[in-house]
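Here are some exercises to work through with the model open beside you. Try each task on your own before you read the solution.

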Amino acid sequence: AGGGGGSGGGSGNGTGPAAASKTSSKAGDGGEGQQSQTAGGAVLHDSLQSGIGIPGARRLDTGPGFPSTFSPASTSKAPGAVHGARWREDYCCCGYGSVNMVCGCAWTLFLLLPGAFFLLASPGLVQWHGPALLAVALCLFALTALLYVIASCTDPGVAPRGYGMHPGPQYTYCVDSNRYVAGFDHFCDFMGNDVGARNMPFFVCFLLSIGSLSSYLAVCAVLYVYDMWTLQTPTVHLEISPFRVIAALLLLLLVFGALRRCSKAQCCEGVMPLVMMMPGAYIGAGVIAVVLGSVVILTLMSDMWSHVSIRSNPAPLYLLLPLLAFAVLFLGMSAHWAWLICQGLTQKLWLRAKGWKRKRPVGNAARVEMV
C-alpha cells in the first residue's frame, strides 16, 4: 500500500517508478517521504482489518483475549493460545468429561427417579397389564444411560497440542473446560463436558432418549392412577370437607410461594431464564402447575393414604410431577437443538443473538475489592 502511494505521487511528476523508489528511500529524512510512509501504513492497517486486496488473507477466530482480524496467511504469525490450556494429548481415549456438583446431581436424579418408578409402580403395572410395559421402560432406561455415558466421556473435538499457537479458526476456547473445541456449541454442566462437533450427535440423541423415557414413565404413572380410580371397585375415594378444602388451599399457597422463592435464588437465577427460552417452556410450566395443584389437592382430599397397597398406591401420583417436568424440559431441548442444527447455528451464537449473558459467581478477590 505504501508503494502504491509513492508510485501515484511519482507518476504525477512524470518520474514513474523511479521516483517512487527515491521517495521510499528518503522516508527516514522526513518531509513528503515520511508522509507517504505514514499514509501507506494506515492503508495497510485498514486492509488488514478488512482483508481486501491482500492475497491469501484469512480471518482468524482467535478466541478470548485476541482481536479478530485479517492477516496474510503467508507472512503473519498465528496468534498465541491461552496459557495453560489443555490439549487432546492431555486426555485418555474416553476421559474428556469431568465431575462437578451439577453433574453429580444429574446422575443422582437420573438413577433415583426411574429407580423409584421401577420399585414402587412397576409391580402394579405388571399385575394389571403384564410385563411388556416394564420391558419397554427398562430398554429406554438402558439406552438413555448408554447415550449419557458416551456424550459425557467422548472427545467433543479438543484441539491437538499447538505448542503455544492458536489451533485455528475452527476451534473456540471454552473457559469452563480450559480447552479449544472444534465446532464448539456450549459447555454442558449436566454432562460435565463440552458439546462440539464430535459429540453433538450423541448429545442430541441423549436428549431425545431421556425425553422419551420421561414421557413414557409419565404415561405409565397416569395409567396407574387411572386404574386405581376406575376399577370396578375403586380403591381411592374423595373425602371433601371444609377443613380439608382450607388445608389444601393453604398448602397450595405455600408450595407455589416456595417455588417462586426458589426460582429467584442465586442457584436458579442463571438457569431458569435459560430454561424458559426453550420451545414450549411456558405451556409446559402451565401443565406442571396444574399437575402440582392436583397432587396437592388429592393428597388432602382423598383416602389414598388410609390403606396403602398395590391396588391403592400413592407413589405413581407423586412420581408423575417430576417425570412430567423432565419430559417437558428434555423434549423442548431436543426440539431446540434440532432447530439449531437445521439452521446451522450453535447455542453460543443463539444466546448471543438473544442478548443472554451467563452470570458467574464473584471470586473471593473480586468480592474483597467490592467490599
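Contact here means heavy atoms within 4.5 Å. Keep in mind as you go that this is a predicted model.

**Exercise 1. Get your bearings: how many helices and strands are there in the chain?**

Step 1. Go through the secondary structure from end to end: the chain has 14 helices and six strands.

Step 2. Now look at burial. Of the 371 residues in the chain, 36% are buried.

Step 3. Finish with the contacts. Take those between residues at least 6 apart in sequence: 67% of them join residues at least 24 apart.

**Exercise 2. Find His336 and work out which residues it is in contact with, leaving aside its neighbours within four places in sequence.**

Step 1. Place the residue: His336 sits in helix α12.

Step 2. Check its accessibility. Buried means under 20% relative accessible area, so His336, at 3%, counts as buried.

Step 3. List the partners. With the neighbours within four places set aside, His336 is in contact with Met278, Pro279, Gln347 and Trp350.

Step 4. Pick out the polar one. The side chains of His336 and Gln347 are joined by a polar contact of 2.7 Å.

**Exercise 3. Stay in α12 and look at Ser334: what does its side chain reach at 3.3 Å?**

Step 1. Start with burial. Ser334 has 4% relative accessibility, so it counts as buried.

Step 2. Look for what it touches. Not counting residues up to four places away in sequence, Ser334 touches Leu207 and Leu208.

Step 3. Zoom in on Leu208. Its backbone nitrogen is what the Ser334 side chain reaches at 3.3 Å.

**Exercise 4. Describe the surroundings of Leu331, also in helix α12. Is Leu331 buried or partly exposed?**

Step 1. Leu331 has 38% relative accessibility, so it counts as partly exposed.

Step 2. Leaving aside neighbours within four places in sequence, its contacts are Gly211, Ser212 and Ser215.

Step 3. Now pair Leu331 with Met278. They are 53 residues apart along the chain, and their C-alpha atoms are separated by 9.5 Å.

**Exercise 5. Find the cavities of 30 Å³ or more, and say which residues line the largest cavity.**

Step 1. Think about the method. Rolling a probe the size of a water molecule over the atoms shows where empty space is left.

Step 2. Count what turns up: two cavities of 30 Å³ or more. The largest has a volume of about 60 Å³, and the second largest about 40 Å³.

Step 3. Name the lining of the largest cavity: Leu109, Phe110, Leu113, Pro114, Ile210, Leu213, Ser214, Leu217, Leu323 and Phe326.

Step 4. Trace those residues back to their helices. α4 (101–120), α7 (200–230) and α12 (315–343) each supply at least two of them.

Step 5. Sort by class: nine nonpolar, one polar and no charged residues.

**Exercise 6. Do the same for the second largest cavity: which element gives the most to its lining?**

Step 1. The residues lining this cavity are Phe117, Ser122, Leu125, Val126, Gly130, Leu133, Leu134 and Cys220.

Step 2. Two elements give two or more residues to this lining, α5 (122–129) and α6 (132–153). The most comes from α5, with three residues.

Step 3. By class, the lining has six nonpolar, two polar and no charged residues.

**Exercise 7. Check the length of helix α11 (residues 281–300), then say what its buried residues pack against.**

Step 1. Work out the expected span. The rule is 1.5 Å times one less than the number of residues, so the 20 residues of α11 should span 28 Å.

Step 2. Compare with the model: the end C-alpha atoms of α11 are 29 Å apart, which agrees.

Step 3. Pick out the buried residues of α11: Ala281, Gly284, Val291, Leu292, Gly293, Val295, Val296 and Leu298.

Step 4. See what surrounds them. The buried residues of α11 pack against α7, α8 (242–263), α10 (272–275) and α12.

**Exercise 8. Look at the loop between β3 (171–174) and β4 (179–182), where Asn178 lies. What is the phi of Asn178 near?**

Step 1. Recall the usual case. Most residues other than glycine have a negative phi.

Step 2. Read off the angle: phi of Asn178 is near 60°, a positive value in a residue other than glycine.

Step 3. Add the accessibility. Asn178 is at 22%, so it counts as partly exposed.

Note on methods
Residues numbered from 1 in each chain as written. Predicted model: local features only at pLDDT ≥ 70, side-chain atom pairs only at ≥ 80, totals over all residues. Heavy atoms only, no water. 1 Å grid on protein atoms, 1.4 Å probe; cavity = no way out; pocket = protein on both sides within 12 Å on 5 of 7 lines; lining within 4 Å. Points joined across faces, edges and corners; volume = space filled by probe spheres on them. Helix = DSSP H or I, 4+ residues; strand = E, 2+ residues; numbered from the N terminus. Nonpolar A, V, L, I, M, F, W, Y, C, P; charged D, E, K, R; others polar. Buried < 20%, exposed > 50% of the residue type's maximum accessible area, 1.4 Å probe, protein only. Polar contact = N/O pair within 3.5 Å; in protein donor to acceptor, adjacent residues only side chain to side chain.
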